Amino acid sequence: MGGLALGCLGITAAHATTLTIATVNNPDMLQMQKLSPQFTKETGIKLNWVVLPENTLRQRVTTDIATNSGNFDIVTVGSYEVPIWGKAGWLAPIKNLPASYDVKDLFPSVRNGLSYKGTLYALPFYAESSATYYRKDLFKAAGLTMPAHPTYTEIEKFAAKINDPSKGIYGICLRGLPGWGENMAYFTTLVNTFGGRWFNMKWQPRIDSPAWKKAANFYVNLEKKYGPPNVTSNGFTENLALFSQGKCGMWIDSTVAAGTLWDPKTSKVANEVGMVSAPVAVTPHGAHWLWAWALAMPKTTRHKADDMKFLEWATSKAYLKLVGKTFGWVQVPPGTRISTYDNPDYTKAAPFASKVKEAILSADPNNPTLKKVPYTGVQFVAIPQFEGIGTEVGQQIAAALAGQKSVDAALAQAQKATARTMKEAGYH
Amino acid sequence: MIQPTSGTITPGRSGATQRRQVRTLPLLLPAVILLLLWSILPLLQTILYSFQHYNLMEPPSAYNGGLNYTYLFTDSSTWTAIWNSVVLVAGTLVASIVFGTIIALLLNNDFPGRNIARLMAIAPFFVMSPVAALIWKNLLLDPVSGLAGWLMTLVGFKPIAWFSVYPMVSIVIIYSWRWIPFATLILLTALQSLDTDQLEAARMDGAKGLARLRYIVLPHLGRPISIVVMLESIFMLSAFAVIYTTTNGGPGHATTTLTYMIFIRALNDFSIGSASAAGVFAIVLANILAFFLIRAVSRTLQA
């Protein structure tokens, strides 16, 4: 079929190329796909979209690049992959951006997260941190006020007061679905703020430390008492649905949810939702995460110049304006450009804008923990083995949450498995 | 001196055979070569990988002796996975044979609407695994919006989060739902070939219903049951879709079977080396099982 397409193109237009783009099926990417005919009209470059769920995308793209298959010209990658793949030479560096692109307008923390040794390897499509969402009406009815910077002790107190399962309202919704990008993204921020860390400076896992135990007991206890039933099957999407249907009193999760929660078309509680910083326990280090979805070129691409045109188009100021005009300003991909947050159109449509900006600016992947660590990344550890480790530990945490085993047993198993993986990978 | 004599005899003999029968090797060769390429090469490749430290995220790969196997056999989660596979296969087998026999016996009777009932009983087998899994996960077993949860609240119980409290039981229920129809189909066909004269004779000799079932019907079903056991074990050993769609092998390792463990190692950890080692081990286990199953089946066929 590729040969046929190439043959046809050869006849119709001498210069027209088709770029194959692999991306995630998140709402912001689906908008990009809908708007892409505009790009084809401007440049004559045709686009072939491969839209997949996050996990499947990661499997497809990783195997594609690792085996030199070269099926994709542009891939969607996250903050976790970019430094690792940049180091491995899997991504083509981003060079010679025109002045009109205004690379300095990208949030510095986001830009750093997409670089390896000072070289940019991907351009951010949207970026997120984590924050606390709460229901203003429920807080008012219970006579509570949510501070701008809550602590976990306060959160537990609030959850107890608001929890009312007979009316279908659960005190606090949190991620429970196992996976390194699901429950472990949230749970790692909890461990960080309780003073824990994944590894010490010798790359020895510290999952059996008191900080992990405290964090895990707090989490299991909180969700068992004040969480919805079946927490272990709730990931980001499930919690978003629960909160927007008015079933959660509080929810600590990605700032990207704000666009959905504040939009009356997609949320029943659009007028009642409030947003404050992610809670803190012992230390503010790593209490909220930083993640960016970005577009990059695999080393196997044959159309670098055309790829760059699309990368610049999809992450430009003009694109954000196009989304604002077409879908409404509240829907604009957040977190990438400082100028978005100075734009009155956006700040008016998105009352959460300043909180998101504050969270993204203050997240520091280079100092994610209280004690020193040999790795970067707030809610992940930027080493190739982390996908395996995070998935395994995520399963153990979920087992503890489901009551299949005790917190101590789950953490002991997680520590053992992680130590094993690190040994297998040759760290010790 | 001896050599020439033997030399003269041999060509004569082979010449004689050549005249009588066609050389089959050249005709078979293309098929055999294709088969070898198709099955043996990937196997050899897998064995080769199983002796390498080969992580897609960390090229290049390098020979690391039997380390992958050492890690595989000293890892307690390997044995958990094997045990889970056994529970899954055995649980589904028992359920599908017991319920398959009962349903087949019921459907073998004459009653109005029998054809529709038969069709309905067999239909689940044609539902694709991921679809079946999604229906069970979201419409039936979900504690908030599922039928089971609603029924339990009707009678005053708290709804159960099936996939986190009884994960393996839930998986076995879903697979049984898919495979009971298969057993029913095979057993029903077998029942229809049962000689009615024999049953009639037994009845006239005064044998009660239960005795007729015990001494005539069930022995007659022995052969089809052994075929169900063989086919279902082969399919269930590679069961994957329902686990992937519902529990992702969790919580903990509660529903991680050997197949799912290999998938996680290959496509989540990208550790091709250790996934291959586990794969080779799975092949050995499956072959041991197949050896006994085929022997058992051929014995019942000869009897």
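How many residues does the contact take from chain B and from chain A? I began my notes with this point, bearing in mind that the model is predicted.

**Entry 1: the contact between the chains**

I found that the contact takes 23 residues from chain A and 27 residues from chain B. I then looked up which elements of chain B give two or more residues to the side that touches chain A: these are strand E2 (58-63), helix H8 (162-165) and helix H13 (258-267). The largest share comes from H8(B), with 3 residues. I also noted the character of this side of chain B, which divides into 15 nonpolar, 9 polar and 3 charged residues.

**Entry 2: strand E10 of chain A**

I turned next to strand E10 of chain A, residues 290-296. Is this strand mostly covered or mostly uncovered? I recorded it as mostly covered, since 7 of its 7 residues are buried. I followed the side chains along E10(A) and saw that Leu290(A), Ala292(A), Ala294(A) and Ala296(A) point one way. Trp291(A), Trp293(A) and Leu295(A) point the other way, and the residues of both groups are all buried.

**Entry 3: the partners of E10(A)**

Which strands pair with E10(A)? I noted strand E3 of chain A (residues 74-78), which is joined to E10(A) by 4 bridges and runs antiparallel to it. In E10(A), Trp293(A) stands opposite Gly78(A). I also noted strand E6 of chain A (residues 123-135), which pairs with E10(A) over 6 bridges, again in the antiparallel sense. Here Glu128(A) has Trp291(A) of E10(A) as its bridge partner.

Key
Residues numbered from 1 in each chain as written. Chains lettered and ligands numbered in written order. Predicted model: local features only at pLDDT ≥ 70, side-chain atom pairs only at ≥ 80, totals over all residues. Buried ≥ 20, exposed ≤ 12 C-beta atoms within 10 Å, placed from the backbone. Pairing = 2+ DSSP bridges. Contact = placed C-beta atoms within 7 Å. Nonpolar A, V, L, I, M, F, W, Y, C, P; charged D, E, K, R; others polar.
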